[in-house]
Amino acid sequence: DRLPHRRSLSRSLWPALLALLVLAGTFLVYVALEKRIDVANKHRQEALALVDQLRRSSDELTRMARTQVLTGDARFRQAFELIGAIRDGRAPWPEGYEDAYWDLLLAERRVPGRPGPTQALQERLRAAGLTAAELELLAESKAQSDALAQREIAAMDLAATGEAGAAQAREW
């Protein structure tokens, strides 16, 4: 009487175990893929932040040059030079170097925060895992920003020559 029951149980147990193993395997694959997606998203966010840093540094260079030309305040020329040095890896990234860093630094007339790593923005972008095509476009953008920075340096130099030069630099 018990033997047929055992065979019936045995026949239904193997498919159930197989289904459980397939379900467990599927779950493990899902977890592994989710972790890969999390890592990819983290790298994407880091890359976007660095790309935004290139845009912000270009904006900050222009703003510092214009403010220096208008006010003649040497602090803005110093900030201009420091922004370029940080971006090019000639000076360390200060602690808290983000959105309103320069506004706070110049408004409070304080020194930059503790130095962080000294690494050019282009190197940081390469380390973030951007594609070769993306890096090429960003290098072109940086080259155009650097060309603009050279014009801004010329304008600041012209403004420093006196009142006539300052008027000419403002028109530039």
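**Exercise 1. Place Asp 52 and Arg 55 in the fold, then describe their contact.**

Step 1. Both residues sit in helix H1 (residues 2-71), 3 residues apart, about one turn of the helix. Helices here are DSSP runs of H or I, at least four residues, numbered from the N terminus.

Step 2. This is a predicted model: local features need pLDDT of at least 70, side-chain atom pairs count only at pLDDT 80 or more, and totals for chains, interfaces and linings use all residues. Residues are numbered from 1 along each chain as its sequence is written, and side-chain values use heavy atoms, with hydrogens and water left out.

Step 3. Apply the salt-bridge rule: a side-chain nitrogen of Lys or Arg within 4 Å of a carboxyl oxygen of Asp or Glu. Asp 52 and Arg 55 pass, with their closest N and O atoms 2.7 Å apart. The rule gives 13 salt bridges.

Step 4. Check exposure: buried is under 20% relative accessible area, exposed over 50%, partly exposed in between (1.4 Å probe, protein chains only). Asp 52 is partly exposed at 26%. Arg 55 is partly exposed at 43%.

**Exercise 2. Find which helices the salt bridge between Asp 88 and Lys 142 connects, and classify each residue as buried or partly exposed.**

Step 1. The side chains meet at 2.8 Å, N to O.

Step 2. Asp 88 lies in helix H2 (residues 74-88) and Lys 142 in helix H5 (residues 132-159), so the pair ties together parts 54 residues apart in sequence.

Step 3. Asp 88 is partly exposed at 32%. Lys 142 is buried at 10%.

Step 4. Shared partners join Arg 87, Asp 88, Arg 90, Lys 142 and Asp 146 into one network of salt bridges.

Note on methods:
Helices (H or I, at least four residues) and strands (E, at least two) are DSSP runs, numbered from the N terminus.
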